[in-house]
Amino acid sequence: MDAFTPYYDKMYSVLEGLSLKALENCNGKDTASLRALSNDDLIAKVCLYSASKISKIAIGGFQIKGQKQFGLCTVFANTGYDLPLFVSYWDENQLKICWMVDIMPTVDDFIDEDYRARYIETQGQAWDRFAKLPGICPEDDNALRSLCSINYSAGQSTIENEGMRLAVLAPHTSYLKAYIEFIPGAEQVTDDGKKKEVSLKTKSLQSTLKTHFRAVLESQIGSSVGSDKTDLLTEVFF
Amino acid sequence: MTRVDFKDMVNFTDVLMERKNLFDGFELETLDEYEGMDTSPAREFKTSMANGFYKAYTIKGMDKVEKIAIGELNYMRRAKYCAMNMTPSDDYDLPIFACEFDEFATRVGITLDMMPLVDIALHPEYREKYLDPLNDAWREHRTLNGLTREGRCLVQRRYGPWPWARASLSPYPLDGNIEDSENRYNILDAVVVYARIWLEMLEKAEPIKDLEYKKEMLKRKKTLQYYYRERDPGGEVLKKIFGEEHHRLYINLIF
């Protein structure tokens with residue numbers, strides 16, 4: 001394969017706008033071993049950060065036997081903030097890229113219209129713009145699709161020319177930029193009921209995401225990195 | 001583009017109830033009153049602009065159903081606005097079955113879904129129990145011409161301009177514009193499959209005992225009804241046809 005899409009580098013370049021602080025552990029687990037995941041079959045790059053109001057930013061790129069690339073990027077807010085979750089995945093081979101990117105609500109945004117207007121509907125123009133990308137289609141996994149906001153973008157895009165790779169990467173960087181712009185204005189939730197709702201929903205989202213992506217990571221790189229590291233990566237990203 | 005004459009348009013109610021025998025095994029009972037309103041004026045109506053019927057039922061001997069409403073509005077011999085809605089009673093958390101089937105000479109605009117009564121990202125067990133059974137039918141029918149032309153992620157063209165409506169949908173909506181005359185009938189197969197799945201779940205449904213959950217569920221149910229009754233642009237059409245005073249009955253029966 002000539003060259004993979006620069007998923008990691010482009011996503012990281014968006015994050016550079018934040019004051020990133022590298023994290024050495026995640027939920028009490030040492031993540032140092034993730035710096036040495038690469039082996040004969042795998043080139044891996046995984047970084048974990050925190051930032052103001054943000055408890056966790058995880059970004060990873062995995063090139064598998066020179067034939068495939070898998071990428072993930074997630075952003076979780078500090079407890080007490082109602083910021084949504086950012087989730088992006090990227091699964092690329094020589095012929096096709098399967099992908100999804102979303103800013104997932106951490107409240108019931110059908111009921112909470114202020115939240116939807118502030119964090120979700122603001123993505124409407126981007127959603128419209130990327131709707132015409134070749135290969136755009138509903139996220140195939142039912143559980144993952146059920147978490148998505150009304151403005152998620154996803155696709156199974158056949159690579160007809162090299163320009164396609166960057167075109168399909170554009171929604172990921174665009175949604176991430178939009179998410180980062182929410183951060184300065186985000187304030188602590190003061191209403192106890194809303195705090196509880198955000199906490200419960202965030203945990204539920206994390207649980208479903210962990211189940212889904214644990215299986216994805218296992219199928220992508222499990223045989224290369226082993227079960228323990230797959231578990232640790234799942235913990236780091238979700 | 002195929003043009004279909006008014007006389008050849010789909011007889012939505014007749015196809016579902018007579019030809020597909022959708023309610024076989026259930027004894028439908030006319031719902032004479034709904035939310036304090038006499039439903040008889042809707043059973044058959046005729047105005048200068050429209051004629052048709054919206055019939056409302058419950059199921060005999062069963063307290064699980066708030067309403068089963070089905071009807072058609074024939075607008076100036078140019079279009080047929082058809083709808084079917086099945087709403088559980090307040091003790092049950094079944095999704096709301098909702099189908100709009102609007103036929104014009106050039107196309108059918110359809111939205112078919114089971115709208116969840118709780119936030120399914122917070123309650124994944126709700127999705128597994130009530131919505132995932134739609135998976136096979138959704139995958140089979142969402143590739144019909146017209147439902148995928150723009151490839152939109154949530155297959156939500158008709159509701160695209162209204163975020164509140166998109167937010168009300170399940171992960172399994174069928175939504176779009178179908179032009180060719182054969183597929184106007186084929187999409188009715190999906191309506192039947194979705195409706196039969198709802199009716200099967202209805203038979204098994206148990207009343208909700210968890211009061212906290214019930215409160216949460218009813219909040220979403222009432223909000224769904226409020227939004228669709230107050231915000232759906234179809235309401236303005238009904239106001240024009242039936243007048244400010246009388247349109248409420250029709251709107252509340254449809255959703």
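**Exercises on a predicted two-chain model**

In chain A of this predicted model, 7 strands form an open antiparallel sheet in the order β1-β4-β5-β6-β7-β8-β9.

**Exercise 1.** Determine which strands of chain A are the edge strands of the sheet, and describe how β6 and β7 pair.

*Solution.* Begin with the edges: β1 (21-22) and β9 (153-158) of chain A each pair on one side only, and are therefore the edge strands under the pairing criterion of at least two bridges. Next, consider β6 (residues 68-77) and β7 (residues 85-92) of chain A, which pair in the antiparallel sense over 7 bridges. Within this pair, A:Leu72 stands opposite A:Tyr89 of β7(A).

**Exercise 2.** Identify which strands of chain A are touched by helix α1 and which by helix α6.

*Solution.* Helix α1 (residues 7-15) of chain A packs on the sheet and touches β4 (42-51), β5 (54-64), β6 and β7 of chain A. The direction of α1(A) makes about 160 degrees with that of β5(A). Helix α6 (residues 192-225) of chain A also packs on the sheet, touching β4, β5, β6, β7 and β8 (96-104) of chain A. For α6(A), the angle with the direction of β5(A) is about 30 degrees.

**Exercise 3.** Establish where the kink in α8 of chain B is centred.

*Solution.* First compare spans: a straight helix of 21 residues would span 30 Å, whereas α8 (residues 234-254) of chain B spans only 10 Å between its end C-alpha atoms. Then locate the bend: a kink of about 115 degrees is centred on B:Gly243. Finally, note the burial: buried residues of α8(B) include B:Ile241 and B:Phe242.

Notes
Residues numbered from 1 in each chain as written. Chains lettered and ligands numbered in written order. Predicted model: local features only at pLDDT ≥ 70, side-chain atom pairs only at ≥ 80, totals over all residues. Helix = DSSP H or I, 4+ residues; strand = E, 2+ residues; numbered from the N terminus. Expected span 1.5 Å × (residues − 1). Bend = angle between axes of the 7 residues up to and from the residue. Buried ≥ 20, exposed ≤ 12 C-beta atoms within 10 Å, placed from the backbone. Contact = placed C-beta atoms within 7 Å. Axes fitted to C-alpha atoms, helices over the stretch in contact; angles between N-to-C directions.
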